[in-house]
Amino acid sequence: MARLKLATVWLGGCSGCHMSFLDLDEWLIDLAGQVDLVYSPFADTKEYPQGVDVVLVEGAVANEEHLETIRKVRERSHILVSFGDCAVTGNVTALRNPLGSAEPVLQRCYIEAANIHATIPHEPGIVPTLLDRVIPVHTIVPVDIYLPGCPPDATRIKAVLEPLLRGEKPQLEGREFIKFG
């Protein structure tokens, strides 16, 4: 049987879902025997590859870079897992949405709270252009599996990955697997 090509992506979030992934502890050794980790913040890979079997996407879409990334990830991946509450709903990263646009956030961070050089960076490559609203992954691209939790614990992550390794679709049922927070 061919090894599964696994990727993880980190958009607008705190990396808690990736930390929870590391909580798989010894099972990570078993997982490493069955998958090739082809893209992740854990690996030094610069370009998202073609032909990814499963991708865990952490975080919401908060800026233009995320928008470009999630479209590329969806195009190049067979199964996309919305990984954690930020990816599923926007969660904490979407707390700026009631402000109406990105401008009040930029004003507060770069002008009002500045000690020196109060200016909003406009040079390309310094700060990706913020979207006016932070949005969950499924509003941009189709999602195959939703894995809620802030962050989802290792048991839930394993409950998604084990069936996928067998070529089966995970069946997340019961409060312990489908609750938020």
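The side chain of serine 40 makes a polar contact with the side chain of threonine 8, at 2.6 Å. That is a handy place to start with this predicted model. Serine 40 sits in the loop between S2 and S3, and counts as buried because its relative accessible area is 3%, under the 20% cut-off. Setting aside neighbours within four places in sequence, the residues in contact with serine 40 are Thr8 and His18. The serine side chain also has a partner in its own loop: a polar atom of the side chain of serine 40 lies 3.1 Å from the backbone nitrogen of phenylalanine 42.

Phenylalanine 42 is found in the loop as well, between strand S2 (35–39) and strand S3 (52–58). Is phenylalanine 42 buried or partly exposed? With a relative accessibility of 34%, phenylalanine 42 is partly exposed, since that value falls between the 20% and 50% limits. Phenylalanine 42 is also part of a nonpolar surface patch, together with Met19, Leu22 and Leu37, and the patch covers about 330 Å². So the loop holds both a buried residue, serine 40, and a partly exposed one, phenylalanine 42.

Next come the charged pairs. Side chains of opposite charge can pair when their charged atoms come close. How many salt bridges does the structure hold? There are seven. In one of them, arginine 3 pairs with aspartate 36, and the closest N and O atoms are 2.9 Å apart. This pair ties together distant parts of the chain, with arginine 3 in the segment before strand S1 (4–10) and aspartate 36 in strand S2, 33 residues apart. Arginine 3 is partly exposed, at 37% relative accessible area, and aspartate 36 is partly exposed too, at 33%.

Another salt bridge brings lysine 46 and aspartate 44 together, with 2.7 Å from N to O. Here lysine 46 counts as exposed because its relative accessibility is 69%, over the 50% mark. Aspartate 44 is exposed as well, with a relative accessible area of 67%.

Aspartate 144 and arginine 74 form a further salt bridge, their closest N and O atoms being 2.9 Å apart. Once again the partners come from distant parts of the chain: aspartate 144 is in the loop between strand S6 (130–135) and strand S7 (145–147), while arginine 74 belongs to helix H3 (residues 64–76), and 70 residues separate the two. Aspartate 144 is partly exposed, with a relative accessible area of 31%, whereas arginine 74 is buried at 14%. Elsewhere, Glu47, Lys72 and Arg76 are joined into one network by salt bridges that share partners.

Now for the strands. Six of the seven residues of S3 are buried, so this strand is largely enclosed by the rest of the structure. Which way do S1 and S3 pair? They run in the parallel sense, over five bridges. Within that pairing, leucine 6 stands opposite valine 54 in S3. S3 also pairs with strand S5 (residues 77–83), again in the parallel sense, this time over six bridges. There, leucine 56 has valine 81 of S5 as its bridge partner.

Two more residues round out the tour. Arginine 156 is in helix H6 (residues 154–165). Its relative accessible area is just 2%, so arginine 156 is buried. Arginine 156 and cysteine 17 are 139 residues apart along the chain, and their C-alpha atoms are separated by 11 Å.

Threonine 129 has its place in the loop between helix H5 (103–112) and S6. Is threonine 129 buried or exposed? Threonine 129 is exposed, because a relative accessibility of 51% lies over the 50% cut-off. Leaving out neighbours within four places in sequence, threonine 129 is in contact with Asn63 and Glu64. A separation of 22 Å lies between the C-alpha atoms of threonine 129 and valine 88, two residues that are 41 residues apart along the chain.

Methods:
Residues numbered from 1 in each chain as written. Predicted model: local features only at pLDDT ≥ 70, side-chain atom pairs only at ≥ 80, totals over all residues. Heavy atoms only, no water. Patch = residues over 30% accessible without salt bridge, like charges linked within 9 Å, V, L, I, M, F, W, Y side chains within 5 Å. Areas by Shrake-Rupley, 256 points an atom, 1.4 Å probe, with all protein chains shown as cover. Salt bridge = Lys/Arg side-chain N within 4 Å of Asp/Glu carboxyl O. Helix = DSSP H or I, 4+ residues; strand = E, 2+ residues; numbered from the N terminus. Buried < 20%, exposed > 50% of the residue type's maximum accessible area, 1.4 Å probe, protein only. Polar contact = N/O pair within 3.5 Å; in protein donor to acceptor, adjacent residues only side chain to side chain. Contact = heavy atoms within 4.5 Å. Pairing = 2+ DSSP bridges.
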